[in-house]
Amino acid sequence: MSSPQAISSAGRPLSAGAIALMLMLCLTWGFNQIAVKLVLPDVPPMLQAMIRSMGALPVLFIVGSLRGVKFFERDGTWKAGLIAGLMFGIEFVLIFQGLRLTSASRAVVFLYTAPFFVALGSYQVLGERLGGTQWLGLAVSFAGVALAIGVPQPNVDSHILLGDLLIVAGAGLWAATTLVAKGTRLRFAAPEKALGYQVATSIPILGAAAWLFGETITHTPSPLSFGLMAFQAIWVVGTTFTLWFALVKTYSASKLSAFTFITPLFGVVGSYFIMHDTLSLTFGAAAVLVIAGLFLVNRPSQVAAAPRDALLNVTKT
């Protein structure tokens, strides 16, 4: 399922522009977790995610149409788009339900196992091959995330373990969606169309989940909640997710995914300023570990630059 495009991007270090863009995406995603928490008293999680997708869909259509994207053109991408959409919707169901059972700190640590799934899947599916230095970088960055959030409590019960498992499953689907976008015909679609498949398919999935879990909106949301919901729909999903899939088409999926380790750090800093949480010297050490790990991941490697398919001189379609 790998392609010449996937092979050519496997060993390519991220450019300065791509790194700056990823930092902006991670900053947005870190604040988005705070936005979700602030809206929860007015809008339950599944309904919140469904409304977010419903609001993002027209944004994608308008922006794509202005750019000349042909959303309904038959280009052979609908099967991959439907698969990605199913995974996209189920991913958020698993993550939000996992958060109901486990702690937020444990959830963040387990959610950011996703880059490891991407790295493993990229080797098997895309022919991207990380060297020992890149794998060390992933481990160092993950250690930084765990240190920033705190060591998980040892006295866990079966409910917490089930929540952890749901979060890991959500992380696996996040990684799988990235691989589908990179390793199928979906990579030839415009980013707005590739994301449009996922957002549109997620709406009935999230709506069904909200109905199954008995979620309702019992009162009129506050102006702040309306504003934060618009922020999630227009900026987070409609804009930053589109930029993410545009980057995935150009650069190594493994290296891009590794940069998401910065997201929880931004979330911690945002919580300090907005939610008045505390910061410690431990957080500073964690940030250094994450940055050092990302430097190692993005360091050019002869092994990473020569993916499996290229070594075999075989290109699969």
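Here is a walk through the chain, from its overall make-up to a few spots worth a look. Keep in mind that this is a predicted model.

Start with the whole chain. It has 15 helices and zero strands, and buried residues make up 52% of its 317 residues. The accessible surface comes to about 14300 Å², with 71% of that belonging to carbon and sulfur atoms. As for how the chain meets itself, take the contacts with a separation of 6 or more: residues 24 or more positions apart account for 90% of them.

Now for the rings. Counting pairs with ring centres within 6.5 Å, you get eight aromatic pairs. Take Trp29 and Phe241: their ring centres are 6.0 Å apart and their planes sit at 70°, so this pair is edge-to-face, the cut-off for that label being over 60 degrees. The two residues come from distant parts of the chain, with Trp29 in helix H2 (residues 16–39) and Phe241 in helix H10 (residues 223–250), 212 residues apart. Are these two buried or exposed? Trp29 has a relative accessible area of 9%, so it is buried, and Phe241 is buried too, at 12%.

Phe241 also has Phe88 as a partner, and that pair is edge-to-face as well, with 6.2 Å from centre to centre and 85° between the planes. Phe88 lies in helix H4 (residues 78–101) while Phe241 is in helix H10, so the pair ties together parts that are 153 residues apart in sequence. Phe88 has a relative accessibility of 5%, which means that it counts as buried.

Zoom out a little and these rings turn out to be part of one aromatic cluster, formed by Trp29, Phe88, Phe92, Phe241 and Trp244. One member of the cluster, Phe92, has a charge for company: the charged end of Arg52 sits over the Phe92 ring, 4.8 Å from the ring centre.

Next, look at Thr201, which you'll find in helix H9 (residues 191–212). Its relative accessibility is 15%, and since the limit for buried is under 20%, Thr201 counts as buried. Which residues does Thr201 touch, if you skip those up to four places away in sequence? The list is Leu82, Gly85 and Leu86.

Back in helix H2, there is Phe31. With a relative accessible area of 27%, this residue falls between the 20% and 50% limits, so it is partly exposed. Leaving out residues up to four places away in sequence, Phe31 touches Leu228, Phe231 and Ile274. You can also check its spacing from Pro264: the two residues are 233 apart along the chain, yet their C-alpha atoms are separated by 9.1 Å.

Finally, head out to the surface. What makes up the nonpolar surface patch of about 530 Å²? Phe61, Ile62, Leu66 and Phe72 do. Among them, Ile62 lies in helix H3 (residues 45–66). Its relative accessible area is 51%, and because the exposed label needs over 50%, Ile62 counts as exposed.

Methods. Residues numbered from 1 in each chain as written. Predicted model: local features only at pLDDT ≥ 70, side-chain atom pairs only at ≥ 80, totals over all residues. Heavy atoms only, no water. Phe/Tyr/Trp six-rings, centres within 6.5 Å; stacked < 30°, edge-to-face > 60°. Helix = DSSP H or I, 4+ residues; strand = E, 2+ residues; numbered from the N terminus. Buried < 20%, exposed > 50% of the residue type's maximum accessible area, 1.4 Å probe, protein only. Lys NZ or Arg CZ within 6 Å of the ring centre and 35° of its normal. Contact = heavy atoms within 4.5 Å. Patch = residues over 30% accessible without salt bridge, like charges linked within 9 Å, V, L, I, M, F, W, Y side chains within 5 Å. Areas by Shrake-Rupley, 256 points an atom, 1.4 Å probe, with all protein chains shown as cover. Salt bridge = Lys/Arg side-chain N within 4 Å of Asp/Glu carboxyl O.
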